[in-house]
Each structure stands twice: as structure tokens, then as C-alpha cells.
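Here is a friendly note to read beside the structure. Take the points in order, and find each place in the viewer as you go.

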Amino acid sequence: MRVIRTEKLSKYYGQRRGVVELDLEVKAGEVFGFLGPNGAGKTTTIRMLLDLIRPSSGQVWVLEQAVWGNVGLRRRLGYLPGELSFYEGLTGWELLRYLGRLRGSLDPAYLQQLLERFDLDPSHKLRTLSKGSRQKVGLVQAFMHRPELLILDEPTAGLDPLLQVEFQKLVREVQEQGASVFLSSHMMGEVQALCDRVGIIREGRLVAVSTIGELTERSLRRVRIRFDEAVTPGDWAQVPGLKDLRFDGDWLEATVQGSLDPLIKAAAQHRVRDFISQEPSLEEIFLTDYDTRSAA
Ligand SMILES: Nc1ncnc2c1ncn2[C@@H]1O[C@H](COP(=O)(O)OP(=O)(O)OP(=O)(O)O)[C@@H](O)[C@H]1O
């Protein structure tokens with residue numbers, strides 16, 4: 001089963017591009033990361049999945065049902081908006097009870113467990129809460145009815161590192177229990193820790209869909225190697241995947257695309273004192289994908 005499917009999904013705000021011809025598929029049981037820089041179209045996509053805004057063209061199915069006007073579907077979904085800006089005058093409790101009633105039966109013990117895990121006191125009015133506490137209310141309400149599919153817009157924005165870890169644990173638990181998760185992010189670390197597959201959106205278009213392994217494999221990595229003695233340009237330029245080679249005394253610096261293996265084998269011909277490999281940043285990954293596409 002595919003829990004999310006879109007076909008040539010486009011949204012224009014007047015002349016302004018929201019998203020363009022998006023073909024997206026998320027399988028049942030998977031945690032899917034939707035990555036992209038600011039303004040790429042993540043929130044626009046998510047709002048169309050929830051029927052909060054209507055597409056300009058194209059189709060959307062969620063849990064194998066068309067979403068337009070489908071109120072029954074909402075109970076089966078957990079949604080965390082990017083900005084929890086409604087219901088400012090309610091306390092956390094009032095909001096949770098109100099949403100709980102809309103969604104039918106709630107398990108009070110599970111709700112209590114979520115409040116404790118996120119260290120949330122829901123007795124204050126939403127308007128008085130810090131960004132982090134509002135985010136916690138948003139997360140608790142998204143998970144509390146044990147939805148089949150969670151759609152989370154920037155779930156860890158504003159959360160402190162301990163709670164980010166707690167969030168990741170919770171996502172893994174619900175995945176083990178059979179739920180599917182679609183989350184948007186611009187944090188590579190979070191996506192790497194959690195997601196089975198990732199879709200990258202850029203300027204409204206889906207530019208790549210792959211597993212995390214493929215994504216990092218394809219992307220650029222900056223490597224610095226220190227040898228026992230000064231290095232000379234020699235045969236380094238012949239090593240596959242190396243770019244932007246620089247030599248500085250006993251240090252060699254290079255950008256590596258793809259596997260590190262050829263470089264490691266070449267370096268092993270010498271005595272190595274240090275080896276530093278920098279994880280590619282999200283920006284570098286975007287850049288790599290863009291390069292791949294324009295070269296194609
Ligand atoms: N209500 C709106 N009216 C006009 N343009 C909009 C509206 N909402 C979004 N856009 C435009 O659509 C594009 C996609 O925006 P969207 O908010 O979906 O991006 P995003 O990937 O979620 O970005 P961010 O990470 O900053 O939230 C942007 O160019 C944005 O300016």
C-alpha cells in the first residue's frame with residue numbers, strides 16, 4: 001500500500017510557484033523525509049496532502065483515498081503544522097481535549113505518557129508558551145490518537161537536543177507499531193537518523209528520491225589527510241572521484257564524489273598520520289543533485 005501518492009501535483013499562488021508537477025509516493029510503514037531549502041514548497045505540499053489548500057492541478061491520495069472533502073480521513077492522520085498559530089486563547093489541555101473529541105476515542109494513559117516524555121505542562125494558554133513548548137503541544141496532539149500516518153512539518157524546530165532524541169525514539173516506536181511517517185526538514189542529521197527514504201524538493205520540483213545511503217554516497221565530501229612527510233601532486237589526480245586537490249606541506253585536501261575507497265587505497269601507499277572526512281552538508285547534497293541533473 002502507498003500511504004501517500006501524488007500525480008503531477010501543482011500549486012500556484014497567482015503567478016507565484018508553489019510546487020510543480022510533483023509525483024510523490026510514500027510506502028506503508030516507511031519514514032519518508034521531505035527535504036528542501038526555505039521556500040522550496042514543503043509546506044505547500046503538506047497542506048495539499050491535508051486538503052487545507054486545493055491544488056491548481058494534479059491529484060492527491062492519502063491512505064489510498066482522494067483527499068478532497070474527505071473528513072473521515074483526518075481522524076486517521078496525525079498532523080503537525082509548521083506554525084501552531086491557531087487557538088491562541090486556549091490552554092494546552094483545552095486544545096488537546098478539543099482535538100481529542102474531534103478524533104473520537106483517546107487513550108488517556110498514552111496521552112499522559114506523551115506529556116511526560118515531552119516534559120510538557122499543558123495548563124498554560126498557548127499564546128504564553130515559548131516556541132519550544134508550542135512545538136511540544138503540536139507533537140503531542142499529532143501522536144495522541146495513534147494515527148496510521150503522521151505528517152509532520154519541521155517536527156523538531158525549536159526543540160532542545162534531548163527532546164529531539166525523544167522525538168526520534170517515538171518515531172521509531174510508532175514505525176515499529178506499523179505507522180508511516182512523512183516529515184519535512186532542512187536538517188540533514190535528523191533525516192539521516194530517522195528516514196528510510198528521502199525526497200529532495202528544490203524550487204517547487206522534486207529533484208531526487210533515494211535512500212539515505214544513496215544520497216550520501218552520491219554527494220560530495222571534503223577530505224583532509226595528513227602524511228608523515230610532505231606530499232607532492234604526483235599521481236593523485238588519477239584517483240577516481242577526486243576534485244579540487246590542494247597540497248599544503250604534509251596535508252592533502254580534496255573533494256571526493258562517491259566512494260572514498262579509491263582515495264583510501266591510494267593514501268595507504270604512504271604513512272598516514274591523520275584522516276578527516278567531513279559529512280556532506282545538506283547544501284552540498286542539494287548542490288550535488290543539481291549538478292547531476294544539469295549534467296544529465
Ligand atoms: N499563501 C501564499 N501566497 C503566496 N505565495 C506563497 C504562499 N504560501 C507559499 N507561497 C510561496 O510558495 C513557495 C513555496 O513555499 P513553502 O512555504 O511551501 O516552502 P517551504 O519549503 O515550506 O519553505 P520553509 O522551509 O521556509 O517553510 C514560496 O515561494 C512561497 O513564497
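1. A term to begin with: two strands pair if DSSP finds at least two bridges between them. Keep that in mind for strand 12 and strand 13, which form a hairpin with two residues between them. Gly-249 sits in that turn and has a positive phi of about 60 degrees. Please remember throughout that this is a predicted model.

2. Let us stay with this hairpin. Which way do strand 12 (residues 242-248) and strand 13 run relative to each other, parallel or antiparallel? They run antiparallel, joined by five bridges. One pair to look up is Lys-243 and its bridge partner in strand 13, Thr-255. Strand 13 also has strand 11 (residues 220-227) as a partner: seven bridges join these two, again in the antiparallel sense. Here Arg-221 has Val-256 as its bridge partner.

3. Now look at the side chains of strand 13 (residues 251-257), which alternate. Leu-252, Ala-254 and Val-256 point to one face and are buried. Trp-251, Glu-253, Thr-255 and Gln-257 point to the other face and are not buried. The two bridge partners from the previous point therefore fall on opposite faces, with Val-256 on the buried one and Thr-255 on the other.

4. Strand 8 (residues 180-185) makes a good contrast. How many of its six residues are buried? Six of the six are, so the strand is mostly covered by the cut-off of 20 or more other C-beta atoms within 10 Å. Both of its faces are covered. Ser-180, Phe-182 and Ser-184 lie on one side, while Val-181, Leu-183 and Ser-185 lie on the other.

5. What are the neighbours of strand 8? Strand 3 (residues 31-35) pairs with strand 8 in the parallel sense over five bridges, and Gly-33 stands opposite Leu-183. Strand 7 (residues 149-153) is also parallel to strand 8 and joined to it by five bridges, with Ile-151 opposite Phe-182. Between strand 7 and strand 8 the chain passes through helix 6 (residues 161-176), and this β-α-β crossover is right-handed.

6. Next, the ligand. The residues around the ligand are Tyr-13, Arg-16, Gly-18, Gly-36, Asn-38, Gly-39, Ala-40, Gly-41, Lys-42, Thr-43, Thr-44 and Gly-82. Strand 2 (16-27) and helix 1 (42-49) are the elements that give two or more residues to this shell. Which of the elements gives the most? Helix 1 does, with three residues. Sorted by class, the shell has two nonpolar, eight polar and two charged residues.

7. Three residues let you practise reading burial. Val-198, in strand 9, counts as buried because 22 C-beta neighbours lie inside 10 Å. Asp-196 lies in the loop between helix 7 (188-194) and strand 9 (197-202), and is partly exposed, with 16 other C-beta atoms within 10 Å. Thr-211, in strand 10 (residues 205-211), counts as exposed because it has 12 such neighbours inside 10 Å.

8. What do these three residues touch? Leaving aside neighbours within four places in sequence, Val-198 is in contact with Gly-33, Leu-35, Val-191, Ser-210, Ile-212 and Leu-215. Gly-33 is the residue that stands opposite Leu-183 in strand 8. With sequence neighbours again set aside, Asp-196 touches Glu-30, Val-31, Phe-32 and Thr-211. Thr-211 in turn is in contact with Asp-196 and Arg-197. Thr-211 and Gly-199 are twelve residues apart in sequence and 8.8 Å apart, C-alpha to C-alpha. By the C-alpha atoms, Asp-196 and Arg-224 are separated by 30 Å, at 28 residues apart along the chain.

9. Finally, step back to the whole protein. There are ten helices and 14 strands, and 33% of the 296 residues count as buried. The domain assignment gives domain 1 (2-215) and domain 2 (220-279), and 41 Å separate their centres, taken over C-alpha atoms. The C-alpha atoms fill a box of roughly 70 × 40 × 35 Å along the principal axes. Among contacts between residues at least 6 apart in sequence, 70% join residues at least 24 apart.

Methods: Residues numbered from 1 in each chain as written. Predicted model: local features only at pLDDT ≥ 70, side-chain atom pairs only at ≥ 80, totals over all residues. Near = placed C-beta within 6 Å. Helix = DSSP H or I, 4+ residues; strand = E, 2+ residues; numbered from the N terminus. Nonpolar A, V, L, I, M, F, W, Y, C, P; charged D, E, K, R; others polar. Right-handed = clockwise from strand over helix to strand, strands pointing away. Domains from an automatic or database assignment. Contact = placed C-beta atoms within 7 Å.
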